[in-house]
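Student: I would like a close look at one part of this protein, and then a walk outward from there to the rest of the fold. Could you take me through it at an easy pace?

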Amino acid sequence: MDSILVKGNGALNGVIPIAGAKNACLTLMPATLLSEEPLTLTNAPRLSDIRTMTQLLESLGAEVASLQSGQVLAMSSHAISNHTADYDIVRKMRASILVLGPMLARDGHAIVSLPGGCAIGARPVDLHLQVLEAMGAELDLRDGYVHAKAIGGRLRGAVFDFPFVSVGATENALLAATLAKGTTVLNNAAREPEIVDLARCLRKMGAQIEGEGTSTLTVQGVDRLHGATHPVVTDRIELGTYMLVPAICGGEVECLGGTLDLVGAFAEKLDQAGVSVTETARGLKVSRKNGRVKAVNVTTEPFPGFPTDLQAQMMALLCTADGTSVLEEKIFENRFMHAPELMRMGAKIDVHGGTATVTGVEKLRGAPVMATDLRASVSLILAGLAAEGETVVSRVYHLDRGYERVEEKLMACGAHIERISDRP
Ligand code: UD1
């Protein structure tokens, strides 16, 4: 297993291109299962999660060609030749459950293993199943698999009120509703930019969708969808992560492709902490306003609130802030696994249930630490960039699921970072 070595190297300056969003791409890719015609995604990120989704789609009979070094995914799903999403692939990534809605919608049946993914809380898929049931799916959970059949061979439109916001369940329902008979109304739907991107792509394929970006999505089912080409929206989590580089190390970084509408609540917290964010013609420019950042309180919420996927990275920043910050995690239980690792670097953090109290220290010290999930791993790299001495982050396979060319992007800003490979 590879590790990453980071040495604190003072202020960092430069330009970082932000890739297409992993989470958008993972929901756009299964849309290929909805149509016989080709779906091409441009601006795709080059990540191991995307390769896992590619493998999964191929196992179902789709053809996926990765072009231009992986930035273009040319997919086509003339027929679904296998309707079983196997445990061996699904266990690697929770987003695999997103093939369930499309397969059910197109062919009226599917068998999908219950998913795995990052170990951040229990993360059930009950809402995915409930909304599909409301649309006329008959479900049977056996041997770790969901066996699903559309009653009468085709899903039908339904009105469904989500009891709480779920990004994935909204995506599964939206994908399925495009080919259902009649109208589907999804209330308390997720409003994340990735949902907006999915709705836009599905509309290009001929779907009739209204309300993306609001909490009510209305879908008029159609008989068939056609091919399309769609650019994946910018990754707001990668964007937020790199915006933290000058915040935590000093210097100035311009994140190419970034826009404020993707990171509004996050940029507001940075502003309160004493970090300036300005929109330029090609992205977002970030630097400290003056000296040490100030403590701020943060509560994670569904979009447009502060994203849970930036909580770990924000905590790394607040570890060196002046004063005491309180971080409340409202989306996932057990999402403070990075806290004990940051404490190995000299951070002062108290975790009680879903709340972490962080008292800033002047300087973190490098230490050997372990990545426990995707966002935690990058928070340790950020902390390492600001620490005195050497930090070695082990188990970085988590990082490769969600950040492409991280060493290259940071080195271009003057960071001292290198990958240590275990393989001969
Ligand atoms: C997506 C993102 C993930 C992000 C999360 C919240 C992808 C591939 N992943 O995950 O990076 O952290 O949104 O912004 O897009 N829940 C249930 N039952 C369900 C579904 C969810 O109880 O059927 C719970 C979850 O355990 C969690 C909360 O609902 O506590 C929100 O989860 P959800 O929005 O569904 O997250 P994901 O789609 O899995």
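Student: In which sense do β16 and strand β17 pair, and over how many bridges?

Tutor: Happy to help, and please keep in mind that this is a predicted model. β16 and β17 (residues 283-288) pair in the antiparallel sense, and five bridges join them. To find the pairing by eye, start from S276, whose bridge partner in β17 is S287.

This pair belongs to an open sheet of four strands, in the order β2-β15-β17-β16, and the pairing in that sheet is mixed. β2 (14-17) and β16 (275-279) stand at the edges with a single partner strand each, so each has one side without a neighbour in the sheet. On average, neighbouring strands here are turned by 20° against each other, direction ignored. Now bring in the helix: α8 (residues 236-249) lies across β2, β15 (252-256), β16 and β17. Its direction is about 25° to that of β17.

Another sheet makes a good companion view. Here, too, four strands form an open sheet with mixed pairing, and the order is β6-β7-β9-β8. The edges are held by β6 (84-85) and β8 (137-142); each has a single partner strand, so one side of each lacks a neighbour in the sheet. β6 pairs with β7 (residues 109-113) in the parallel sense, over two bridges, and T84 stands opposite I111 of β7. A helix lies across this sheet as well: α4 (residues 100-107) covers β7, β8 and β9 (145-150), and α4 runs at about 165° to β7.

For a parallel pair elsewhere, turn to β3 (residues 39-42) and β14 (residues 228-231), which are joined by four bridges. L41 stands opposite H230 of β14. Along β14 the side chains alternate between the faces. A228 and H230 point to one face and are buried, whereas T229 and P231 point to the other and are not.

From strands we can move on to helix pairs. Two packed helices are described by the angle between their axes and the distance between the axes. For α10 (residues 311-318) and α12 (residues 374-386), the axes come within 8 Å and cross at roughly 20°. The two helices are therefore roughly parallel to each other, and α10 passes α12 in a right-handed crossing. On the α10 side the contact is made by A312, Q313 and A316, and on the α12 side by R375, A376, V378, S379, L382 and A383. By character, these residues divide into six nonpolar, two polar and one charged.

S379 of α12 deserves a pause. Its relative accessibility is 0%, so S379 counts as buried. Setting aside neighbours within four places in sequence, S379 is in contact with A312, Q313 and A316, and also with H338 and L342.

The other helix pair to look at is α6 (residues 167-177) with α7 (residues 193-204), whose axes come within 10 Å and cross at roughly 10°. That angle makes α6 roughly parallel to α7. V167, T170, E171, L174 and L175 of α6 meet E194, I195, L198, A199 and L202 of α7. The residues of this contact divide into seven nonpolar, one polar and two charged.

One more helix residue is worth finding: D49, in α2 (residues 48-59). With a relative accessible area of 2%, D49 is buried. Apart from neighbours within four places in sequence, D49 is in contact with K22, L26, M93 and R401. For a sense of scale, V233 is 184 residues from D49 along the chain, and their C-alpha atoms are separated by 17 Å.

Let us finish with the backbone in the loops. A cis peptide bond joins F303 and P304, with omega about 10°; P304 has its place in the loop between β18 (298-299) and α10. S69, in the loop between β4 (63-67) and β5 (72-76), has a positive phi of about 50° although it is not a glycine. S69 counts as exposed at 60% relative accessibility. N188 likewise has a positive phi, near 60°, in a residue other than glycine. Look for N188 in the loop between β11 (183-187) and α7, where N188 is partly exposed with a relative accessible area of 30%.

How values were computed: Residues are numbered from 1 along each chain as its sequence is written. This is a predicted model: local features need pLDDT of at least 70, side-chain atom pairs count only at pLDDT 80 or more; totals for chains, interfaces and linings use all residues. Side-chain values use heavy atoms; hydrogens and water are left out. Axes are lines fitted to C-alpha atoms, for helices over the stretch in contact, and angles run from 0 to 180 degrees between N-to-C directions. Angles under 35 degrees count as roughly parallel, over 145 as roughly antiparallel, 65 to 115 as roughly perpendicular and the rest as oblique. A crossing is left-handed if the near helix is turned anticlockwise from the far one by less than a right angle, and right-handed if clockwise. Contact means heavy atoms within 4.5 Å. Ala, Val, Leu, Ile, Met, Phe, Trp, Tyr, Cys and Pro count as nonpolar, Asp, Glu, Lys and Arg as charged, and the others, Gly among them, as polar. Two strands pair if DSSP finds at least two bridges between them. Buried means under 20% relative accessible area, exposed over 50%, partly exposed in between (1.4 Å probe, protein chains only).
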